[in-house]
Amino acid sequence: MSLVDTLRIAWQGARANKLRSLLTVLGVMIGVAAVIILLAVGTGSSLAVQNRIKALGTNTITVLNRGRFGRGPSTTGTQSQNAQLTNASVAAISDQTQAPDVASVSPVVTATQTATFGSASYSSSVVGTTPAYLQAEGFSISAGSTLTSAEVTNRQRVVLVGQTVLSNLFSPGQNPLGQTVQIGSASFQIVGVLAEKGTSGTTNQDSILIAPYTAVQDVLTGESASFSQLIVQAKSTRSLDAAAAEVETILANEAGTTVANLPFSIVNQGTLISTAQSTSGTFTTLLGAVAAISLLVGGIGVMNIMLVTVTERTREIGIRKAIGAPKAAILSQFLFEAVLLSLIGGATGVLAGLVGTRFEIVGVTPVIAGYSIPLAFGIAIAVGVFFGLYPANRAASLRPIDALRYE
């Protein structure tokens with residue numbers, strides 16, 4: 001019997017009981033669609049977390065002041081000395097001979113102040129820093145100019161405003177450039193408007209005012225020899241770990257302690273991304289396993305329907321074997337019928353999965369994983385072969401005389 005004849009008979013067998021075949025196809029379709037959609041949810045969730053981390057900056061290392069040497073409560077000696085991130089720290093980390101993998105260092109002082117313009121006011125975070133901070137943290141200018149080193153050196157009271165601050169202080173269409181806003185008890189001139197950056201987790205990154213740290217210390221936080229944090233930008237993603245190690249070594253030498261006892265918390269963006277990827281990978285695997293169970297149930301449905309089909313067509317099998325049909329012909333007939341049902345279920349499941357990923361699910365925008373479609377479709381066919389093989393072999397192994405006697 002030719003392959004075409006085998007396929008034709010398999011198709012006729014599947015059509016003999018349309019409702020039963022439809023339900024079998026539906027089981028496989030749901031399993032395939034579940035695999036594609038749940039893997040897309042896992043991938044979308046992973047990308048969302050990574051984008052949130054990347055929105056905090058590009059290739060950045062954040063050095064936070066913990067306040068004291070050592071990990072326990074202060075006692076005596078160097079343990080009780082106040083830890084500081086100073087201009088000397090900035091200079092040392094900026095030195096290319098000591099830190100060849102560092103691109104820039106930005107000292108940061110922060111304050112929460114109410115900005116006022118006319119009758120409008122808005123409470124916002126004020127960041128005092130240097131021009132390098134904008135690139136390191138991924139800020140860009142939509143209007144006006146950025147901060148300059150001269151403005152930092154000359155302690156000029158100039159400021160960049162975020163979109164949320166802008167919308168709360170100014171009317172639509174009003175030009176903020178050159179205007180003077182009251183920040184706390186001091187006046188600052190707006191020289192630039194920050195482009196929209198969005199939120200990162202629960203933090204609105206557009207609710208921000210950025211000014212020279214020297215001016216912020218002069219009128220808002222008070223003069224201090226130390227900074228609350230440093231934002232260090234590595235030259236590339238690959239050099240993040242090397243840059244972090246260089247920063248740790250420099251600060252340890254400056255503080256007269258070891259890297260293990262550094263009085264600072266050093267947060268490496270690369271470590272955060274790796275941790276997020278690992279967690280998201282586990283989450284995606286779990287979702288894929290749940291979807292695979294649905295596909296397994298669909299496969300059991302294929303086996304069940306094929307066992308019923310073999311029982312119903314026992315006399316047909318006996319007649320075909322009596323007139324000379326070989327065991328391979330009977331085996332291929334029923335195996336092809338099982339695979340055909342799985343093939344149709346797989347194709348419709350892929351379409352259903354593609355449609356399902358166009359909608360937001362539990363707050364996550366699904367992103368189709370490139371491997372998920374061939375994987376789900378391939379598993380669907382494998383399910384047809386695996387769960388169809390036993391019923392097909394059972395049909396092919398029937399003795400003609402027993403099959404003809406079957407009522």
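**Exercise 1. Find Gly118 in this predicted model and work out whether Gly118 is buried or exposed.**

Step 1: place the residue. Gly118 sits in the loop that links β2 (102–117) to β3 (120–129).

Step 2: check the accessibility. The relative accessibility of Gly118 is 67%. The cut-off for exposed is over 50%, so Gly118 counts as exposed.

Step 3: look across the chain. Phe170 is 52 residues away from Gly118 along the chain, and their C-alpha atoms are separated by 9.0 Å.

**Exercise 2. Which residues does Ser207 touch, leaving aside neighbours within four places in sequence?**

Step 1: find the spot. Ser207 belongs to the loop between β9 (203–204) and β10 (208–212).

Step 2: ask how covered the residue is. Ser207 has 14% relative accessibility, so it goes down as buried.

Step 3: list the partners. With those sequence neighbours set aside, Ser207 has contacts with Tyr122, Ser123, Ser124 and Ser125, and also with Thr164 and Val165.

**Exercise 3. Do the same for Thr62: where is it, and what is it in contact with beyond four places in sequence?**

Step 1: Thr62 is part of strand β1, which covers residues 60–65.

Step 2: its relative accessibility comes to 17%. Buried means under 20%, so Thr62 makes the cut as buried.

Step 3: once neighbours within four places are left out, the contacts of Thr62 are Gln229, Leu230 and Ile231, plus Ser265, Ile266 and Val267.

**Exercise 4. Describe how helices α3 and α8 cross, and say which residues meet there.**

Step 1: pick the right descriptors. Two packed helices are described by the distance between their axes and the angle between them.

Step 2: read off the geometry. Helix α3 (residues 87–94) and helix α8 (residues 240–255) have axes that come within 10 Å and cross at roughly 140°. That angle makes α3 oblique to α8.

Step 3: add the hand. The crossing of α3 past α8 is right-handed.

Step 4: name the residues. From α3 come Ala88, Ser89, Ala92 and Ile93, and they meet Val247, Ile250, Leu251 and Glu254 of α8. Sorted by class, this contact has six nonpolar residues, one polar and one charged.

**Exercise 5. Now take α10 and α11: at what angle do their axes cross, and how do the contact residues divide by class?**

Step 1: the axes of α10 (residues 314–322) and α11 (residues 327–356) come within 10 Å, with a crossing of roughly 145°.

Step 2: α10 goes past α11 in a right-handed crossing.

Step 3: on the α10 side you have Glu316, Ile317, Arg320 and Lys321, which meet Ala329, Ile330, Gln333 and Phe334 on the α11 side. The contact of α10 with α11 divides into four nonpolar, one polar and three charged residues.

**Exercise 6. Which residues of helix α7 are buried, and what follows the helix?**

Step 1: α7 spans residues 213–221, and its buried residues are Tyr213, Thr214, Ala215, Val216, Gln217 and Leu220.

Step 2: step past the end of the helix. Gly222 follows α7 and has a positive phi, near 90°.

Step 3: compare a case that is not a glycine. Arg155 also has a positive phi, about 55°. Arg155 lies in the loop between α5 (149–153) and β5 (158–161) and, at 32% relative accessibility, counts as partly exposed.

**Exercise 7. How far apart in space are Ser280 and Ser45, and how far apart are Ala48 and Val367?**

Step 1: start with Ser280, in helix α9 (residues 269–312). Ser280 is buried, its relative accessible area being 7%. Ser45 is 235 residues away in sequence, but the C-alpha to C-alpha distance is 7.2 Å.

Step 2: move to Ala48, in helix α2 (residues 18–55). Its relative accessible area is 33%, so Ala48 is partly exposed. Ala48 and Val367 lie 319 residues apart in sequence and 9.9 Å apart, C-alpha to C-alpha.

**Exercise 8. Zoom out: how many helices and strands does the protein chain have, and what share of its residues is buried?**

Step 1: the count is 13 helices and 12 strands.

Step 2: of the 407 residues in the protein chain, 45% are buried.

Step 3: consider the contacts with a separation of 6 or more. Residues 24 or more positions apart make up 78% of them.

Step 4: finish with the surface. The protein chain has an accessible surface of about 19,500 Å², and carbon and sulfur atoms account for 59% of that.

Key:
Residues are numbered from 1 along each chain as its sequence is written. This is a predicted model: local features need pLDDT of at least 70, side-chain atom pairs count only at pLDDT 80 or more; totals for chains, interfaces and linings use all residues. Side-chain values use heavy atoms; hydrogens and water are left out. Helices (H or I, at least four residues) and strands (E, at least two) are DSSP runs, numbered from the N terminus. Buried means under 20% relative accessible area, exposed over 50%, partly exposed in between (1.4 Å probe, protein chains only). Contact means heavy atoms within 4.5 Å. Accessible areas come from the Shrake-Rupley method with a 1.4 Å probe; for residues, only the protein chains shown count as cover. Axes are lines fitted to C-alpha atoms, for helices over the stretch in contact, and angles run from 0 to 180 degrees between N-to-C directions. Angles under 35 degrees count as roughly parallel, over 145 as roughly antiparallel, 65 to 115 as roughly perpendicular and the rest as oblique. A crossing is left-handed if the near helix is turned anticlockwise from the far one by less than a right angle, and right-handed if clockwise. Ala, Val, Leu, Ile, Met, Phe, Trp, Tyr, Cys and Pro count as nonpolar, Asp, Glu, Lys and Arg as charged, and the others, Gly among them, as polar.
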